[in-house]
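Please take a moment with the sequence and the structure below before reading on. The paragraphs after them lead through a sheet, the helices beside it, a single loop residue and one further helix.

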Amino acid sequence: MSAPALSLVLIGFGHVGQRFVKLLSEVAERLDFEWRVVAIATRRHGSVIDPKGVDTAHALSLVEAGLSLDVLDAEPRERSGLDVIRQAARALADEAAESRVVCIESTVLDIDHGEPAVSHVRAALEAQMHVVTVNKGPAAFAYDGLESLADTMDRVFFFEGAVMDGIPVFNLVRETMPAVRIDGFRGVINTTANFILSALERGQAFDDAVREMQTRGIAEADPSLDVDGWDAAAKTAALVNVLMGSVITPHHVQRTGIREVTGLDARDAVARHKRIRLVASASRQGGKVKARVEPEMLDHQDPLAGLVDLNNALYLTTDLLGEIGIVQRGGSLTQTAYALLSDVARISQRLKEL
């Protein structure tokens, strides 16, 4: 049975959102579902809503040239992401009722409260849209409430790209490990920080390594979330909330970033057959979950010490299966965009099974 065509509402159209749209076209022959983009909201380049389908090639060219998407809209106006969600929902009410509208949320993480991403997810679910996001905020700040709302609305809330890009972490546990309890985890889960520490070992300057990550589109213009450990703390909170059944926010995670690590520190560690890595971890202690993010001096035999440049890894401690390792040998925009694509594909598969 073929799945119905999906209408996609894109909230956020930065590096990841643009790569996602390009990737959909690049692998179109491999997909078993049809799609069209019906709305795009951006922070700096306006917005467009067209229930018949937005010309994505034109939209990409406009944004890449620094121009506004408003020229594509029949009734151009200033709109927030919430405005676009609500107006698109009204225009696509029949499709939303038939479970055929997906909101793709890829805005920038707000480490204070997870907004406006949390509100975007909530509004989309209330409008009968499925939601897929790569933003860590919703799972890190409001997972229980949003998951409950998704269940109530009989819609899907997916966020595989929130941690380790397109490598399955949440799906692995939730879909393939029934009755297994996650008692803790330990990993290197921030690509930018790991690249910087690896660069320091090679003698590269800290600021030069940051700029290289920005050039690749991995680090934001303001890299402080990566350097100060906030991005890893948000991922840690999401993992704790989803996989360990606790309720925390990034502000409950004991956090130390890598800003104070020098090239001398990194090279001295290597000379002693060790490595400094920004490690995220959590464990159950006395009925509570303790979580932290901090640079650790790792012995060369530690599997996390072998992670260099863009490599990430997460080791889960389980009650029935022991320790399970998930390793990502290199990350990029394509992997992050693939996380969105894979979640949309899973929604399509669910619709086929109805």
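In this predicted model, a convenient place to begin is the pair formed by β11 and strand β12, the latter made of residues 323-328, which run antiparallel to one another and are joined over six bridges. Within this pair, Leu-314 has Ile-326 of β12 as its bridge partner. The two strands form a hairpin with four residues between them, and in that turn Gly-322 has a positive phi of about 70°.

On β11 there is also a pairing with strand β7, residues 182-188, which again is antiparallel and again counts six bridges; here Gly-184 is matched with Thr-317 of β11. As for its surroundings, β11 is mostly covered, since six of its seven residues are buried.

These strands belong to an open sheet of six strands, in which the order is β8-β10-β9-β7-β11-β12 and the pairing is mixed. At the edges lie β8 (254-255) and β12, each of which pairs on one side only. Further along the sheet, strand β9, residues 274-285, runs antiparallel to β10 and is joined to it by twelve bridges, with Arg-284 standing opposite Val-289 in β10. Helix α8, residues 191-201, packs on the sheet and touches β7, β9 and β11, its direction making about 150° with that of β9. Helix α12, residues 263-271, packs on the sheet as well, touching β9 and β10, and its direction makes about 90° with that of β9. In general, the strands of a sheet pair through backbone hydrogen bonds, in either a parallel or an antiparallel sense.

Where does Asn-311 lie? Asn-311 sits in the loop between β10 (288-299) and β11 (312-318). Its relative accessible area is 10%, which is under 20%, and therefore Asn-311 counts as buried. Leaving aside residues up to four places away in sequence, Asn-311 touches Val-188, Asn-194, Gly-306, Gln-328, Arg-329 and Gly-330.

A last element to consider is helix α5, residues 117-126, which is mostly covered, with seven of its ten residues buried. Among them are Val-118, Val-121 and Leu-125. The cover over the buried residues of α5 includes the strands β1 (6-11), β4 (101-105), β5 (130-133) and β6 (157-158), together with the helices α3 (81-91) and α6 (137-153). After α5 comes Gln-128, whose phi is positive, near 70°.

Conventions. Residues numbered from 1 in each chain as written. Predicted model: local features only at pLDDT ≥ 70, side-chain atom pairs only at ≥ 80, totals over all residues. Heavy atoms only, no water. Buried < 20%, exposed > 50% of the residue type's maximum accessible area, 1.4 Å probe, protein only. Contact = heavy atoms within 4.5 Å. Pairing = 2+ DSSP bridges. Axes fitted to C-alpha atoms, helices over the stretch in contact; angles between N-to-C directions.
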